[in-house]
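Let's take a walk through this one together. Have the sequence and the 3D view ready.

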Number of protein chains: 2
Amino acid sequence: MQQSCCCGREDLPWSGRGTGLDISGCRFSLYPMDTDFVPIILGALEHTDTSAVWSESDALSTVYRGRLPYVADAVRGLFVNAYKPGIHMALEGQFSKGCPGDCDGDSLLDFDGPAPNSQVREKGFPALCKLALYPMGVSDYIDHIAGVYRMAQDAGLHPESIHYATRISGDIHQIFDYLEQVCRRMEQAVPHYILHFTVSVNSPTKEEEL
Amino acid sequence: MQQSCCCGREDLPWSGRGTGLDISGCRFSLYPMDTDFVPIILGALEHTDTSAVWSESDALSTVYRGRLPYVADAVRGLFVNAYKPGIHMALEGQFSKGCPGDCDGDSLLDFDGPAPNSQVREKGFPALCKLALYPMGVSDYIDHIAGVYRMAQDAGLHPESIHYATRISGDIHQIFDYLEQVCRRMEQAVPHYILHFTVSVNSPTKEEEL
C-alpha cells in the first residue's frame, strides 16, 4: 500500500511528481468565536476571488492549490474579508509544497497576471501569529528554521520562541507577506516543506495579566 | 545566534537535551464557535486537573509539558470538559517530543500514578479529526507516515488522505487514544517528531451537500 502525508491514492507509486510541478497549497480553517460564525465564514468566502486557485472544502477545512502567489493571495483575502471589528477570530493553516505523494488539483498552474484579491491590502489591522516550519527529509532542518526566525527579526515582526513554535506580531499584511516569503525561501531550499501558522485577532486575553 | 523550532534561548547551544529527557508536550488552542467562548474555555480549564503537567498560556495558545500519558490526559480532559451539545468547537494542537533546542518546563518528570482526568472517558461523543505527522531529520519520513496511517485503519478510524493531512473519524476517546499511540510509536522511532491535529465537533457542514 502506498500512502503519503498529503494525497494518498493507493494506485500511485512514490513518483515524486509533487516536487516536479510548481504547485503549492494551503489547507486552512477559519474560527470566528461568535454564534454567527456561519454567515461570517460564508460571507468571507463569497467576497474572496478564488479564480486563480483550485479549491476543495470539507467539514474540517478548505484547501487552495495553485501557484504560491495566488494561493497566498486567496488565503489573505479570505481572512481579511472575514474580519469584523471586535470579533475574536483565528485562522489555522498550513502552507506546503513538494510532498512526494502529491496528486490532484493541478489546475491553473499557467495562471498569470495580478493577484485577484490585492484590494484587501487597503484594510489593515493588528494580529498575533504563531508558526512552525518543517523542512522535511533533511538533517539540517534546524538551520533553515533559524534562518526564517532571523527573517522575522529583519521584518520587524518581533519573533519570540515558544515551546514548539515561534510567535510574531504586526499588521496582518506584514504577517502574510512574511509567511509568503518563508514559503518562497523554503521552496528554493528544500524539496518538501510545511509551514503551519495560526493568525489571531481581537483576542480578549490580556497577556500582561497572565 | 542559536535558534530552535521550540524554545530558542540564545545562550544555549544545540545541546540535544530535548531528546535526552522523557518530556513530551502539547501546544493547543480551543475554538468554541460561540459568543460565550470565554466562559466555555475558562470553565473547561477549571474542570481539568493539570497537576501532572507543566502549563503555560498566552493569547494564542496553551502548552502542557510532562510525561506523555499525563500530557495526553490533560488535553483530552480539557476538550471533553469544554464540550457542549450543539456547539461547534475545534481544538487545534501539536504533540511533540525531541526538539534539539528544547528547554524549560522540565517539571514533573517523576510524576507517576493514575492519570488525573481519567473520569472524562465516561463522556463520549463523535468527532472528526485531521492530522499531519512530521518525523524530523530523517529521509524515510514517508514510511513512518504510512505506518501511522495503517494504525488508523487497524483502529477502525476510517482514515482518508486529503491534501497535506489525513482525516479520521470516530468517538472522541478512540481519536485521543490513537493520537497518543502515534506519539508513543514516534518517540520510539525517531529522535524528534511533531504531530499536528485538529479535532472538530458539532460542525453544521453537511459533507454530502458539498
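Which side chain of chain B meets A:Arg167 in a salt bridge? The partner is B:Asp58, with 2.9 Å from N to O. A salt bridge here is a side-chain nitrogen of Lys or Arg within 4 Å of a carboxyl oxygen of Asp or Glu. Between chain A and chain B the count is four salt bridges.

Before going on, some ground rules: this is a predicted model, where local features need pLDDT of at least 70 and side-chain atom pairs count only at pLDDT 80 or more, while totals for chains, interfaces and linings use all residues. Residues are numbered from 1 along each chain as its sequence is written, chains are lettered from A and ligands numbered from 1 in the order in which they are written, and side-chain values use heavy atoms, with hydrogens and water left out.

Now look at how the chains sit together. Turn chain A by 180°, with 0.0 Å of shift along the axis, and it superposes on chain B with an RMSD of 0.0 Å (a least-squares fit on the C-alpha atoms of residues with pLDDT of at least 70 in both). The two copies are therefore related as by a two-fold rotation axis. They also use the same surface: 100% of chain A's contact residues recur in chain B.

How many residues of chain A are in contact with chain B? It's 71, and they meet 71 residues of chain B, contact meaning heavy atoms within 4.5 Å. By class, chain A's side has 36 nonpolar, 23 polar and 12 charged residues (nonpolar being Ala, Val, Leu, Ile, Met, Phe, Trp, Tyr, Cys and Pro; charged being Asp, Glu, Lys and Arg; polar being the others, Gly among them).
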